[in-house]
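Please open the model in your viewer and keep the sequence panel beside it, since each stop on this tour begins with something to select.

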Amino acid sequence: MIKQILLSIILFIPFTTLLFCSSELHGTGNIKNDTSIILDSATFFKESDATIHAIAFNHKNQLYVGGKNKVYSIDKENNIKTYATLTDTTHKTIIWGMAFDSNGNLFIAAHDRVVRIDTLGIPQNLIQEDFGGPCGVSDVRIDSANNLYIAYDNIIARYDTALNKKNRCEWK
């Protein structure tokens with residue numbers, strides 16, 4: 001198990017460095033082909049010790065990045081603004097994953113909790129528990145019916161819009 005974790009870390013660090021420390025990030029997949037975002041802002045993140053762990057695009061194709069406990073928005077002119085700050089009472093908070101729902105709310109996988117940031121930029125802890133695994137809750141996705149899916153340890157859990165939990169699948 002420890003070998004798998006170390007291998008994951010070793011493989012993840014060069015990819016993250018390559019992705020976020022290069023001067024350009026070109027769009028593929030969900031990003032429109034004509035959109036090219038220049039991230040010379042990597043200097044900002046390096047100097048402010050704001051390590052990036054997650055990215056998400058809203059319905060207007062604006063880039064949001066998440067790090068330790070802050071979410072930043074980066075517009076097409078590369079202006080960086082702090083969008084929200086998560087209060088960190090446990091000192092475990094690391095933003096591992098982010099996704100927008102169809103209403104423009106941003107959902108965040110932040111180790112020991114899932115946070116929703118509304119369209120005004122106000123964070124609210126939705127789910128907080130001692131999630132298993134080395135990273136706690138490490139990813140979050142929203143389906144077309146606004147159901148929330150989170151990944152932690154070896155579990156994918158589904159929460160309906162009333163936040164009723166049902167483990168979707170579990171690997172042993």
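The stops below go from the whole chain to its cores, and then to a pocket and one residue in its lining.

**The whole chain.** Begin by selecting the protein chain, which is a predicted model with two helices and 14 strands. Of its 172 residues, 39% are buried, and among the contacts between residues at least 6 apart in sequence, 34% join residues at least 24 apart.

**Colouring by confidence.** Next, colour the chain by pLDDT, for which the mean is 74, with 65% of the residues reaching 70 or more. Where is confidence lowest, and where is it highest? The lowest mean, 37, belongs to strand S1 (residues 24-26), whereas S7 has the highest, at 95. Now select residues 5-40, where pLDDT stays under 50 and for which the model has 33 contacts beyond four places in sequence. Where pLDDT is low, the predicted coordinates should not be read in detail.

**The largest nonpolar core.** Select Leu-148 and Ile-150, the residues with the most contacts inside the largest nonpolar core, which has 16 residues. Then add strand S8 (106-109), strand S10 (123-128), strand S11 (137-142), strand S12 (148-152) and strand S13 (155-159), each of which supplies at least two residues of this core. If you keep only Ile-150 and show its contacts, leaving aside residues up to four places away in sequence, you will find among them Val-114, Phe-131, Val-137, Ile-156 and Tyr-159, and also the residue Asp-139. Apart from this core lies another, of 15 residues, and you can locate it by selecting Ala-56, Ala-84, Ile-95 and Met-98, which are among its members. In soluble globular proteins, nonpolar side chains tend to be buried together.

**The second largest pocket.** Turn now to the second largest pocket, whose volume is about 170 Å³. To outline it, select Asp-101, Asn-103, Asn-105, Phe-107, Arg-116, Leu-126, Asn-146, Leu-148, Tyr-159, Asp-160, Thr-161 and Leu-163, which line it. Sorted by class, this lining has five nonpolar, four polar and three charged residues. Leu-148, which you selected earlier for its contacts inside the largest core, is also one of the lining residues here.

**One residue of the lining.** Finally, select Asn-105, which is found in the loop between strand S7 (97-100) and S8. Is Asn-105 buried or exposed? Its relative accessible area is 13%, and because buried means under 20%, Asn-105 counts as buried. Beyond residues up to four places away in sequence, Asn-105 touches Ala-99, Phe-100, Arg-116, Ile-117, Asp-118 and Thr-119, and of these Arg-116 also lines the pocket.

Conventions: Residues are numbered from 1 along each chain as its sequence is written. This is a predicted model: local features need pLDDT of at least 70, side-chain atom pairs count only at pLDDT 80 or more; totals for chains, interfaces and linings use all residues. Side-chain values use heavy atoms; hydrogens and water are left out. A nonpolar core is a set of buried Ala, Val, Leu, Ile, Met, Phe, Trp, Tyr and Cys residues joined through side-chain atoms within 4.5 Å. Buried means under 20% relative accessible area, exposed over 50%, partly exposed in between (1.4 Å probe, protein chains only). Helices (H or I, at least four residues) and strands (E, at least two) are DSSP runs, numbered from the N terminus. Contact means heavy atoms within 4.5 Å. On a 1 Å grid over the protein atoms alone, a cavity is a set of points where a 1.4 Å probe fits but cannot get out, and a pocket is an open set with protein on both sides within 12 Å along at least five of seven lines; lining residues have an atom within 4 Å of a point. Grid points are joined across faces, edges and corners, and a volume is the space filled by probe spheres set on the points. Ala, Val, Leu, Ile, Met, Phe, Trp, Tyr, Cys and Pro count as nonpolar, Asp, Glu, Lys and Arg as charged, and the others, Gly among them, as polar. pLDDT is the predictor's confidence in each residue, from 0 to 100.
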